[in-house]
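Let's take a walk through this structure together. Keep the sequence and the 3D view open as you read.

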Amino acid sequence: MAATVDNSLCGRIDALDLSARNKAWHRAMKAAPWRVCADREKWTVQSWRETEGEDLQLRRAKLLACVLDNLEINIHPFDEIVGRPTPFVIGCATAIDVNGDYIPGLLSDGEVALTLDASTTLDDASRDILRESIGVFAGKTMREATERAWESLVGTWARDAEAAKLKDPSLDAAITGQSTSTLSWSKILRVGLRGYIDECQTRIADFIAREDADVSKIYFWQSAVIVLEAVIRHARRYAALAHELASAETDAAQKAHLLKIAEVSEYVPENPARNFHEALQSMQFCNLGKMLENPAQNNCHWGRSDQYLYPFFARDLANGIPLETLASQFADLIGRWGTQTFVTGESQRESHQINFGISSIMVGGLGQDNEDKSNELSYLTLHLIALLKLSSPTVCLRWNKKTPNWLMNKAIRTNLETKGGIPLFENDEVVIGNYVKDGIPFNEAVEWASLGCVYPCLPTRAEQYGAEGIAAFNLAGLLHLVLHNGVDINGKQTGLQTGDPRGFTSVDEIYGALLAQHKYFSHRIFWLGAVARNVQSDYYRTPLLSILGIEASMELGQDLLIPHPDYSLYGMSDRAIIDAADSLTALNELVFKQKKLTLGELLDALDSDFAGERGEELRQLCLRQPKYGNDIPEADELVRRLSEDSAKIIRDYDNAPFRRFMISREGLAWHYFGGLGVGALPNGRRALEPLNDGSLSPMRGADKNGPTAVIRSACAANYSGVSYASVLNQKFSSSILGSDESIDKLVAYTNAYMAADGSHIQYNIIDSAELKDAKANPENYQDLIVRIGGFSAYFVQLSPSIQDDVIFRSEFSL
Amino acid sequence: METAVVTNIQGYSIHDGPGIRTVVFLKGCPLRCKWCANPENLSPAPQVGFLQNLCRGCGRCAAACPNGAIVTDGDSHRIDREKCAGRFACAEACYYGALVRYGEELTSGEVYEKARRDKMFYDSSGGGVTFSGGEPLTRPAFVREVAERLRADGISVCVETCGFVPRSAFETVLDTVDFFCYDLKFADSARHRGYTGAPNDRILENARFLVNSGAEVLFRRPLIPGVNDGDGETEATAKFLKSLGAGGANLQLMPYHRMGQAKYAALGCEYELPELDVADPRDTESVREKYESLGVNCTISK
């Protein structure tokens, strides 16, 4: 494809602006109050009461069907594609049936927090509905059941570890029931939901004819039929509404537009899509069903849309459909999925700092024949992303050695347009290579998609990652435990007693104690994961996500929340490796090599958080010790060693009968959250300050030898050998992209890192002065997007300390 | 093994020749251009710089200096350059980066080892290593030693020069350098002397020698508003370039900027062009067009 790219089409794409409809939506979206709707709750309660005593799989299917048949729907005048989970431009549904009464503020003043700085107030009628729902579901959700099971296994340890920010708080943040990232879009568009229904019916008939044994399979296929039929009926409700609106419409063009919507919604998703418009509309109805099945985990993931949509796109263009029409439809759905909100728990808002549900879209990458598949739709995707200027979706360019420079050049220009981070670059060959090493066949591995930030997943396998809700832990926090004999920041004995820290006589002893804490800690986390998995399927099922998400569900006749030895994958993120390694390097230099301090003196300084003049003196001394990110072999080598030893402990855990844990070191804005669990460190970081952002970025302000030295250190750390993903953020001043030539040089720079097995890189292309001004005058910078360890976010919506972090990161003025 | 005093080895340099380059800045320059943006590279000896804005007035530098060269001045300090012996005890003592060391004596082997580390970027971008300064050809044997080893690794080498060095310096490095960036500050020798402290005849002769030797040369003109951007200068410069034949066909304009000003203050010396405005891009463009109209391929460095 690269060789035959249509340059004139790319030129026409470069000239495209957003359509009038897209712009009308953009204005409405910016102005729209964020709404939380209790409507769905009314129907979950009704259905749950009606199905009392039935099989769980069927109950969950009927619950979704009841919601889809009754939920209030709306079509907005600017809609190219129709379908939203609420009647509002920005809104989300509550899901007490999934997670219990987790919505903070619900029962007190009705003020519901949506993000760090956005909230909404529920009216009395909605609160009454929610109260009733709590009466039905509270105490009976998997989250609550999991916490009870954890308590019986490890007492208060799970809560304590979470309070000390040593493990991820995802469970209380409502990340449950997440098991896959992207629906099987190719199959959905190829066979339509009727094709799925027919296949389920055939399997049921065969089962009966064969007199098979495992009757739960029948329940699964039946549940799938129920939800698939309900999605088709839901689409028809939109068709009917479009007809109704059309008959009252006086504007001829809008009337025709509504009638077209009606025709398309009548046809898809039941039938195979015949063109680009039908494909996008079919996707939206399926995704809508997925969102309403589990609103707490409603991420809208595109996967490889430039691949499965390309035939529709190319055929429509050949048939004379204007490029502008296709672009407008595409932009509508990108924008809609990028602005989907969800109700979050407090700790998720702290740890993720995101405003919208995570949506992700891929461009480029290798195909089944091991050739790069970048095409004009990849190019259009980047172009529309630059025009939309949204913080979501995350856009991932699948870099490989055959990625064409025309796509790379557009990608760097898109970074400049969006002020950075979009798209990020992730190494196709590293990800595919890791999957193949883990026993996944190439033909599956090559279709990987990113889950949100940079976490890769396979559309063909269930991802049990989020379902455990415990999938990350904090190596800087573990070092804190070592330096306090297992006592955490809150004074609790959360860790192993590895001995009086003042008694250590070498850095090797401390390193050994760190690995001992790691094993103690990670194994407990894995136990918690196993408990969560066991509990989950007793309380919850996702028939629609299963049937449309994982193709194997059909043959297995099994909901994907029931773990499968082959099809379930497990992930873990071991974070803050750089903080821990730099701290050990500094400690070794100061105490054991240069002997400038005794260990006791250093520990006293840390415990006082470098208080007083002497404390500041010691902190400066700590800061001046060798740091990762400067191409200093000793510092980088310790990062590599800790990376590999940490990976080994995780990989060695026997997860039988399931697959071993995969490691993916993504970042989010977690470094801020994780820092709250860590006292002062020997690398010179003060207590409770943010940790390093990303998993492979240097300590902030410590990378003094320029960007190429950071890259060389990153290569030396060699995360790619053990981790599917690792996040390296680099901030460049926009002055480096002042000319076509300098854009080509950043392309060459990116290519060089990736060719050396770098797994991920993303750029912030921003001036410090601009960021400071944005902090002082947020009203003038509503559109300013920055990257925080894998996510884009609106700068002005970040907390002040994260804003300072972004400003502080050493800027390479070139 | 040759040595040289190096102030900086800067990776990801994208305005100093083709591709991504590492620039090695050597200390010492025979000219004294009034607009010089790298005043720390004028003197051949290491120097200490003091960045007032980073000073927190802790006094550790004064305590560390064996010669009493740090003078307390209210809440802050200044350096008594007469007393400073260049031992950098103050810079070692400073926690805040307010006292910096300009220049460190390195062997050609040490510079080679550092400069070659970015080979992955040179290969992907068609880049390489550039010697700059100061005037790198004040140390031609050093440049030659490093360049020979870099070229043996397949790394291209560029030298940025003011041209005001003996011809023998060019002869020493000629076969180890891939191309030169060669400054032509004035066509008019008297004005050259007025603004740089030296006449330009040797510079013009060396330019001709270099072109006639078959070296690849990009001529560059630091464009100082109101100083060397007038029509008379432009016409005379174009005439000289055209007299060089095909080898003199290309000129790059380097728009004036004031980024070096802070370093003058750090070194405790005076910046003589403080009133000058930075170049207006429109004026630079019109100068570029003038050169083009005179038959010179002219670009602007960005």
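In chain A, 76% of the contacts with a separation of 6 or more are between residues 24 or more positions apart; contact here means heavy atoms within 4.5 Å. Chain A has 34 helices and 18 strands, which are DSSP runs numbered from the N terminus (helices are H or I with at least four residues, strands are E with at least two). Of its 814 residues, 66% count as buried. For that word the cut-off is under 20% relative accessible area, while exposed is over 50% and partly exposed lies in between (1.4 Å probe, protein chains only).

A quick word on the ground rules. This is a predicted model, where local features need pLDDT of at least 70 and side-chain atom pairs count only at pLDDT 80 or more, while totals for chains, interfaces and linings use all residues. Residues are numbered from 1 along each chain as its sequence is written, chains are lettered from A and ligands numbered from 1 in the order in which they are written, and side-chain values use heavy atoms, with hydrogens and water left out.

**Two helices that cross**

Look for helix H22 (residues 475–482) and helix H26 (residues 577–593) of chain A: their axes come within 7 Å and cross at roughly 40°. That makes H22(A) oblique to H26(A). The axes are lines fitted to C-alpha atoms, for helices over the stretch in contact, and angles run from 0 to 180 degrees between N-to-C directions. Under 35 degrees is roughly parallel, over 145 roughly antiparallel, 65 to 115 roughly perpendicular, and the rest oblique.

Which residues of H22(A) and H26(A) meet? From H22(A) come A:Leu475, A:Ala476 and A:Leu479, and from H26(A) come A:Ile577, A:Asp579, A:Ala580, A:Ser583 and A:Leu584. Sorted by type, the residues of this contact are six nonpolar, one polar and one charged. Nonpolar covers Ala, Val, Leu, Ile, Met, Phe, Trp, Tyr, Cys and Pro; charged covers Asp, Glu, Lys and Arg; the others, Gly among them, are polar.

**Three buried residues**

Here are three spots to click on.

| Residue | Where | Relative accessibility |
|---|---|---|
| A:Val231 | helix H10 (residues 216–248) of chain A | 2%, buried |
| A:Glu463 | strand E11 (residues 462–463) of chain A | 2%, buried |
| B:Glu40 | loop between strand E2 (21–26) and strand E3 (47–50) of chain B | 8%, buried |

A:Val231 and A:Phe285 sit 54 residues apart in sequence, yet 6.8 Å apart in space, C-alpha to C-alpha. Beyond its neighbours within four places in sequence, A:Val231 has contacts including A:Leu68, A:Leu193 and A:Leu544. A:Glu463 and A:Gly571 are 108 residues apart along the chain and 7.9 Å apart by C-alpha. Over in chain B, residues touched by B:Glu40 include B:Lys27, B:Tyr102 and B:Lys263, setting aside residues up to four places away in sequence.

**Rings**

Rings of Phe, Tyr and Trp (its six-membered ring) pair if their centres lie within 6.5 Å; planes under 30 degrees apart are stacked, over 60 edge-to-face, and the rest tilted. The count is 27 aromatic pairs over all chains. In one of them, A:Phe526 and A:Tyr653 have ring centres 4.5 Å apart and planes at 35°, so the pair is tilted. A:Phe526 is in helix H23 (residues 507–539), and A:Tyr653, 127 residues apart from it, is in the loop between helix H29 (633–652) and strand E14 (661–663) of chain A. Both A:Phe526 and A:Tyr653 are buried.
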